[in-house]
Amino acid sequence: MANYKVSIVVTKSYHPWAIVNLREEPKIGNTIILETEEFVIVEILQLMPPKGVFHFLHLTCEPKAAGQRWEGG
């Protein structure tokens with residue numbers, strides 16, 4: 001079974017970055033929950049080639065709910 005070590009950055013939001021472990025491969029358009037908020041994956045980058053069952057990825061996400069949209073510049 002693969003393990004995904006994932007760094008996450010959220011754009012259009014004040015939510016801080018995160019590093020998480022996932023059991024399922026993330027895909028663009030999927031949602032991910034950080035704390036109590038839902039975010040949509042908009043970009044996936046492989047940080048380095050897999051090492052055995054470990055995959056190292058970086059995700060860029062945006063808020064899912066319109067109420068969480070960032071209004072800043």
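Which residues make up the largest nonpolar core?

## Basis of the description

This is a predicted model, in which local features need pLDDT of at least 70 and side-chain atom pairs count only at pLDDT 80 or more, while totals for chains, interfaces and linings use all residues. Residues are numbered from 1 along each chain as its sequence is written, and side-chain values use heavy atoms, with hydrogens and water left out.

## The sheet

Five strands (DSSP runs of E, at least two residues, numbered from the N terminus) form an open sheet in the order β2-β1-β5-β4-β3, with mixed pairing, where two strands pair if DSSP finds at least two bridges between them. Because β2 (18–22) and β3 (31–34) stand at the edges with a single partner strand each, one side of each is left without a neighbour in the sheet.

Strand β1 (residues 3–10) runs antiparallel to β2 and is joined to it by five bridges; Y4 has L22 in β2 as its bridge partner.

## The core

The largest nonpolar core, a set of buried Ala, Val, Leu, Ile, Met, Phe, Trp, Tyr and Cys residues joined through side-chain atoms within 4.5 Å, consists of twelve residues: Y4, V6, I8, V10, A18, I32, L34, F39, I41, L57, L59 and C61. At least two of these come from each of β1, β3, β4 (37–51) and β5 (54–63), and β1 gives the most, with four residues.

## Two residues of interest

Leaving aside residues up to four places away in sequence, V6 is in contact (heavy atoms within 4.5 Å) with A18, I19, V20, L22, L57 and L59.

N3 lies in strand β1 and counts as buried (under 20% relative accessible area, 1.4 Å probe, protein chains only) because its relative accessibility is 19%. Beyond its neighbours within four places in sequence, N3 touches L22, R23, V53, F54 and H55.

Technical notes:
Buried means under 20% relative accessible area, exposed over 50%, partly exposed in between (1.4 Å probe, protein chains only).
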